[in-house]
Amino acid sequence: MRAWMSCRCGQVRGQVGPVEARLANRVTCYCDDCQAFAHYLGHADLLDARGGSDIIQIPPATLAFTQGLDKIGAVRLSAKGLYRWRACCCNTPIGNTVTPTIPFVGLLASTFRCEGQDPDALFGRPRGAIMGQFAIGGPPPGSKGIRPWLMASTIAKVLSWRLAGRAWPHPFFDRTTGSPAYPVTILSTEERAGLRAIVDR
Ligand SMILES: [Zn+2]
Ligand SMILES: [Zn+2]
């Protein structure tokens with residue numbers, strides 16, 4: 001099965017496939033950086049009522065952008081932070097990554113809804129929640145920190161993707177140089193602190 005994802009305005013569009021349970025890891029993240037990024041983009045409405053981000057991790061090779069490549073860019077909240085890729089046309093997130101050594105792309109479930117698709121039908125419900133200590137109104141049940149079983153199964157999945165050769169081609173990195181294929185903005189310490197102040201309110 002294949003699926004489509006896109007940014008909110010539809011200029012950046014990509015195809016995901018194959019879509020299979022073993023090729024996806026869906027988790028709700030309440031961390032302060034995910035919340036800070038939504039505020040940075042001016043899209044706090046992407047977060048749920050408790051400040052959570054509904055993230056679906058997939059192997060890099062299963063995502064290929066088909067249009068709007070000139071609109072792609074990344075933001076890092078610090079020099080060593082995640083690459084938080086966004087569509088610059090409408091300032092919406094289109095995938096979180098680290099370096100290609102750890103081969104996953106974390107897509108917001110809403111990128112599939114933009115194409116009229118049901119993330120539950122494609123990937124199943126979230127397997128759990130992490131970093132609930134940053135949730136608005138206190139941690140939802142079982143969401144504090146990163147639970148060992150969820151961590152272990154996530155590592156096992158990502159490792160299996162790497163062994164299965166699903167790290168390349170990567171939608172955001174150049175295979176020859178291993179460098180980002182699109183412009184990257186790194187926030188200053190002050191900018192990040194300003195965003196965290198909004199989240200910590
Ligand atoms: Zn997060
Ligand atoms: Zn857009």
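**Notebook: entries on a predicted model**

I began with Leu41, which lies in helix 1 (residues 32-41). I note at the outset that the model is predicted. I looked up the accessibility of Leu41 and found a relative accessible area of 5%, so this residue is buried. I then took a distance from Leu41 to Arg86: the two are 45 residues apart along the chain, and their C-alpha atoms are separated by 8.9 Å.

**Entry: the zinc ion**

I asked which residues coordinate the zinc ion (ligand 1). The donors are the SG atoms of Cys29, Cys31 and Cys34, at 2.2 to 2.3 Å. Along the chain I read their spacing as C-x1-C-x2-C. I also checked whether Cys29 and Cys31 are buried or exposed. Cys29 has a relative accessible area of 9% and is buried; Cys31, with 10%, is buried as well.

**Entry: aromatic rings**

I searched the whole structure for aromatic pairs and recorded seven. One that I examined is formed by Tyr83 and Phe173, whose ring centres are 5.2 Å apart; their planes stand at 90°, so I entered the pair as edge-to-face. Tyr83 belongs to strand 7 (residues 83-87), while Phe173 belongs to the loop between helix 4 and strand 11 (184-186). The pair therefore ties together parts that are 90 residues apart in sequence.

I next looked up the accessibility of each partner. Tyr83 counts as buried at 9% relative accessibility, and Phe173 counts as buried at 4%. In both cases the cut-off I applied for buried is under 20% relative accessible area.

I followed the ring pairs further and arrived at a cluster that links Phe65, Tyr83, Trp85, Phe172, Phe173 and Tyr182.

**Entry: charges over rings**

I returned to Tyr83 and found the charged end of Arg76 over its ring, 3.9 Å from the ring centre. I noted a further case at Trp4, where the charged end of Arg13 sits over the ring at 4.1 Å from its centre.

**Entry: a surface patch**

I asked which residues form a nonpolar patch on the surface. They are Ile146, Met151 and Ile155, and together they have about 270 Å² of accessible area. I placed Ile155 in helix 4 (residues 148-163).

**Entry: helix 5**

I located Ile198 in helix 5 (residues 189-200). Its relative accessible area is 30%, so I recorded Ile198 as partly exposed. From Ile198 to Leu108, 90 residues apart along the chain, I noted a C-alpha separation of 21 Å.

**Entry: backbone geometry**

I kept in mind that most peptide bonds are trans and that most residues other than glycine have a negative phi. I then listed the departures that I had looked up.

The peptide bond from Gly17 to Pro18 is cis, with omega near 0°. I found Pro18 in the loop between strand 2 (13-16) and strand 3 (25-29). The peptide bond from Trp168 to Pro169 is also cis, with omega near -5°. I placed Pro169 in the loop between helix 4 and strand 11.

For phi, I noted Asn91, which is not a glycine and yet has a positive value of about 55°. Asn91 lies in the loop between strand 7 and strand 8 (92-97). Its relative accessible area is 22%, so Asn91 is partly exposed. I made a similar note for Met131, not a glycine either, with a positive phi of about 60°. Met131 has its place in the loop between strand 10 (128-130) and helix 4.

Note on methods:
Residues numbered from 1 in each chain as written. Chains lettered and ligands numbered in written order. Predicted model: local features only at pLDDT ≥ 70, side-chain atom pairs only at ≥ 80, totals over all residues. Heavy atoms only, no water. Donors = N, O, S within 2.8 Å, 3.2 Å for Na, K, Ca; no water. Buried < 20%, exposed > 50% of the residue type's maximum accessible area, 1.4 Å probe, protein only. Patch = residues over 30% accessible without salt bridge, like charges linked within 9 Å, V, L, I, M, F, W, Y side chains within 5 Å. Areas by Shrake-Rupley, 256 points an atom, 1.4 Å probe, with all protein chains shown as cover. Salt bridge = Lys/Arg side-chain N within 4 Å of Asp/Glu carboxyl O. Helix = DSSP H or I, 4+ residues; strand = E, 2+ residues; numbered from the N terminus. Phe/Tyr/Trp six-rings, centres within 6.5 Å; stacked < 30°, edge-to-face > 60°. Lys NZ or Arg CZ within 6 Å of the ring centre and 35° of its normal.
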